[in-house]
Amino acid sequence: MNSQTSAETRHDPTDVLIIGAGASGATAAKVLTESGLRVVALEKGPWRTRETFSGDELASINRYDLWPDPLLNPRTHRAGVDEPATTQLFCPVPQMVGGGTVHWQGWLPRFTEEDFRFHSVVGDVAGASLADWPISYAELEPYYTAVEWAFGVSGQAGANRYESFRSKGYPCPPMPMSRYAEKYHAGAAALGWNSFPTPQAALSQPFDGRPATVLSAFAQQHGDPSGTRSSALNVFVPQAVATGRYDLRPDSVVREITVDARGRATGAVYEDAEGRLHEQRADVVVLACGAVETARLMLLSRSAAHPHGLGNENDLVGRNVTFHEFSSAVATFDDPVYAWAGGGYVSASSFEFYGHDDSRGFAGGGHMATSGVGIPLPINWSLPDRPAWGAEAKRVDREFFNHSMAASMVVHDLPQHDNRVDLDDEVVDDWGMPVARITLTPHENDLAMGRFLIDRSAEILEAAGATSIQKVYPDRVTGNCSHQHGTTRMGNDPATSVLDRDCRLHTADNVFVVDGGSFPTGTGANPTLTIMANAWRVAERIAAGRDASSRR
Amino acid sequence: MNDTFLDPHQRATIAAAMARMIPTDDTPGAAEAGTIDFLDRYLSGTGHIYANPDGVGFEVLTGRRLWAWAQRLEVVRARYVAGVRALDDAAGRRGGRFVDLDPEAQDEVLREVERPEGREQEADAARAKVALYGAPVEAALQQTSAEVDLGFVPLLALHTRQGFYADPVYGGNRDHVGWKVIGFPGPASLAEVHQGRYTTIDYFAEDRTHPGTEGLS
């Protein structure tokens, strides 16, 4: 399609065009606009305000009010290159201004120094395409601090024995201790393991003009009507808007990144809510759609200069994708734990088995933490062996809704060359564009780590006095974390990476990717703090580069 | 505005089946919560999909969202119409209509209709297993399954649960009976959450300070 000639509206060129206004795109927008640059942002979904959110479990979780609607935005998934793909909501993230941060409960651990040189630490693992990061923890540390202080993260410096160096403590003290966090601390302490209050994107006390959080039960997977949880939507977007240089256009679906004859980006063609095509030109293009959708857009953007998709000269765009996997040991207790209080994810964590240890027989480790059981609210709560209906189902609801909790973990799944995002050859979205197809086979290291971490989680529950424990081993990768990384990995060698160390495309020097696609390895911790810190770093580099070129 | 879809016989049949999904015992069940009202209103059209966040009225859907919900409702309506027929067919082999059977025989019929036969139901069972630790018919932790993919009985179980536990603004969970049965101290109304007044702080630990953080700065 030659959309450059079919656009009905051509907008005045801008300094920077950002595709996406979620965690990474909003962070970049804040930094770029505050540095004086003019930014146009195109966001596929709506721009919702906090007045549109409430305590509605049915709408938020069961009726796609926040999740992508699978009839409009499907994906396909297959378990290997020879398997047929089926349509499903694999690793969905809300598609709207604020992205996943709109409905998260915001666990914000930092990665560790070891994470950035994971390949060097663990060595080669057969079948895995491991790579060190081209940047170090020390380089990112100031940006971790910047995001934590912009957000008002609630946590306790020094409480995580395994945390790497930090230049500054947390701006807010830890969240109040939930009963499920209390159990988790007790179990870990009995085993001699370190545990700590999970750093959280919510305000334990008033911060920066915002009041302390009310601790509603409708938090995880709900939008926040109170403005007391911290998100891209209620922190970075307003800060960017306040500069007067952020032109954020919601309901704008990008069809392709346009390029010139040399392969440099010229801008994007997008469709508005009424189906009209627009063209927006820019000096710099920043991709911030999340690792799956950014890879998809690059693959959709074929041109004479990039015949296999933007930046895809080496067939690497979409490959090495990692998704984590979240699973739990689930326990019941005699005394009530109310593991829906605060939303079920006001938690305690442990990095006791986060770092690599050769003696365990697998590479790496993961973040362990307590939570409610799944979505621990009335409609969606359950226990693994609860029947779907009948008197027994009702008995389980009644006896255990207030008396159950989980000890959960994040699997650090290893990147593999054949695990990838590409374009489905049959299924299209409601805009007529081929959807992302996920091809994913878990590595045996992923499965071994998952079983090990679930066993340790069960031991914590047992030590805390649980009356029953069920282990749910993550023997499949379902994409249930909504974490996604690796599809445009950064590196110093253009033959083995898509982006350079500043997250600039090796083959188009005015295109940057700021979402989790840049991560060479997925690590075992929740990624969004690092995504935002890295987006902040890259945005500063973009702004510095513009300064240098304008002085010339 | 007409907010029903089922005819009187369909409505009575589904209400009876819902009473087997969440039976009444010494505590209220689906019948007392009005789950049939929840369902019938849902099936009636696209006017009751999303309550307004302040709990007053419902969102008027337009554009792509309207189209998607109209598609989905068509599939779900057809599944209920066929489901009532399947219940009566199976009941007929026991000498009556579903509504005429005693509760034990109704359970047998439901299990018979639920029983996997053919590829579609096998896929159903597989999906149920995917539910790692969420509700058996609702995909697990961070994801929702597409209800259009569910067979009749799993769909009925899901909707009964929704009608029992969803905010009363949707027509079920009458007088919060569902929440009372399990001891969930939900908000008085959506408005309480919307205005930022709803808190669960009373259900946190008595000592709200995490151990090991006292001496740190």
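**Close-up 1. Helices α2 and α7 of chain A side by side.** In this predicted model, the axes of helix α2 (residues 23-34) and helix α7 (residues 232-242), both of chain A, come within 8 Å and cross at roughly 25 degrees. Because angles under 35 degrees count as roughly parallel, that crossing makes α2(A) roughly parallel to α7(A). The crossing in which α2(A) passes α7(A) is left-handed. If you would like to find the contact yourself, look in α2(A) for Ala23(A), Ala26(A), Thr27(A), Ala29(A), Lys30(A) and Thr33(A). They meet Ala232(A), Phe236(A), Val237(A), Gln239(A) and Ala240(A) in α7(A). Sorted by class, this contact of α2(A) with α7(A) has 7 nonpolar, 3 polar and 1 charged residues.

**Close-up 2. Helices α4 and α7 of chain B.** Here we turn to another pair of helices. Helix α4 of chain B covers residues 63-92, and helix α7 of chain B covers residues 152-165. They pack at an angle of about 110 degrees, and their axes are 10 Å apart. The range from 65 to 115 degrees counts as roughly perpendicular, and α4(B) and α7(B) are therefore described that way. Their crossing is left-handed. From α4(B), the contact takes Val76(B), Arg79(B), Ala82(B), Gly83(B) and Ala86(B), while α7(B) supplies Phe152(B), Leu155(B) and Leu156(B). The contact of α4(B) with α7(B) divides into 6 nonpolar residues, 1 polar and 1 charged.

**Close-up 3. An open sheet of 4 strands in chain A.** Reading across the sheet, the strand order is β4-β3-β15-β14 in chain A, and the pairing is mixed. The edges are formed by β4 (86-88) and β14 (420-428) of chain A, each of which pairs on one side only. From one strand to the next, the twist averages 40 degrees. Strand β3 (residues 75-78) of chain A runs antiparallel to β4(A), and 3 bridges join the two. To locate a bridge, start at Arg75(A), whose partner in β4(A) is Gln88(A). A helix also packs on this sheet: α8 (residues 291-300) of chain A touches β14 and β15 (434-439) of chain A. The direction of α8(A) makes about 65 degrees with that of β14(A).

**Close-up 4. Ser60(A) and its surroundings.** Let us now zoom in on a single residue, Ser60(A), in helix α3 of chain A. Is Ser60(A) buried or exposed? A residue counts as buried if 20 or more other C-beta atoms lie within 10 Å of its own. Ser60(A) has 25 other C-beta atoms within 10 Å, so it is buried. Beyond its neighbours within four places in sequence, Ser60(A) is in contact with Asp65(A), Leu66(A), His103(A), Gln221(A) and His222(A). Gln221(A) is 161 residues away from Ser60(A) along the chain, yet their C-alpha atoms are separated by 6.7 Å.

**Close-up 5. Where chain A touches chain B.** How many residues does each chain bring to the contact? Chain A gives 73 residues and chain B gives 64 residues. On the chain A side, the elements that give two or more residues are α3 (57-62), α6 (179-191), β10 (326-332) and α9 (391-400) of chain A. The largest share of that side, 5 residues, comes from α3(A), the helix that holds Ser60(A). By class, the side of chain A that touches chain B has 38 nonpolar, 22 polar and 13 charged residues.

Notes
Residues are numbered from 1 along each chain as its sequence is written. Chains are lettered from A and ligands numbered from 1 in the order in which they are written. This is a predicted model: local features need pLDDT of at least 70, side-chain atom pairs count only at pLDDT 80 or more; totals for chains, interfaces and linings use all residues. Two residues are in contact if their C-beta atoms, placed from the backbone, lie within 7 Å. Ala, Val, Leu, Ile, Met, Phe, Trp, Tyr, Cys and Pro count as nonpolar, Asp, Glu, Lys and Arg as charged, and the others, Gly among them, as polar. Two strands pair if DSSP finds at least two bridges between them. Axes are lines fitted to C-alpha atoms, for helices over the stretch in contact, and angles run from 0 to 180 degrees between N-to-C directions. Angles under 35 degrees count as roughly parallel, over 145 as roughly antiparallel, 65 to 115 as roughly perpendicular and the rest as oblique. A crossing is left-handed if the near helix is turned anticlockwise from the far one by less than a right angle, and right-handed if clockwise. A residue is buried if 20 or more other C-beta atoms lie within 10 Å of its own, exposed if 12 or fewer, and partly exposed in between; C-beta atoms are placed from the backbone.
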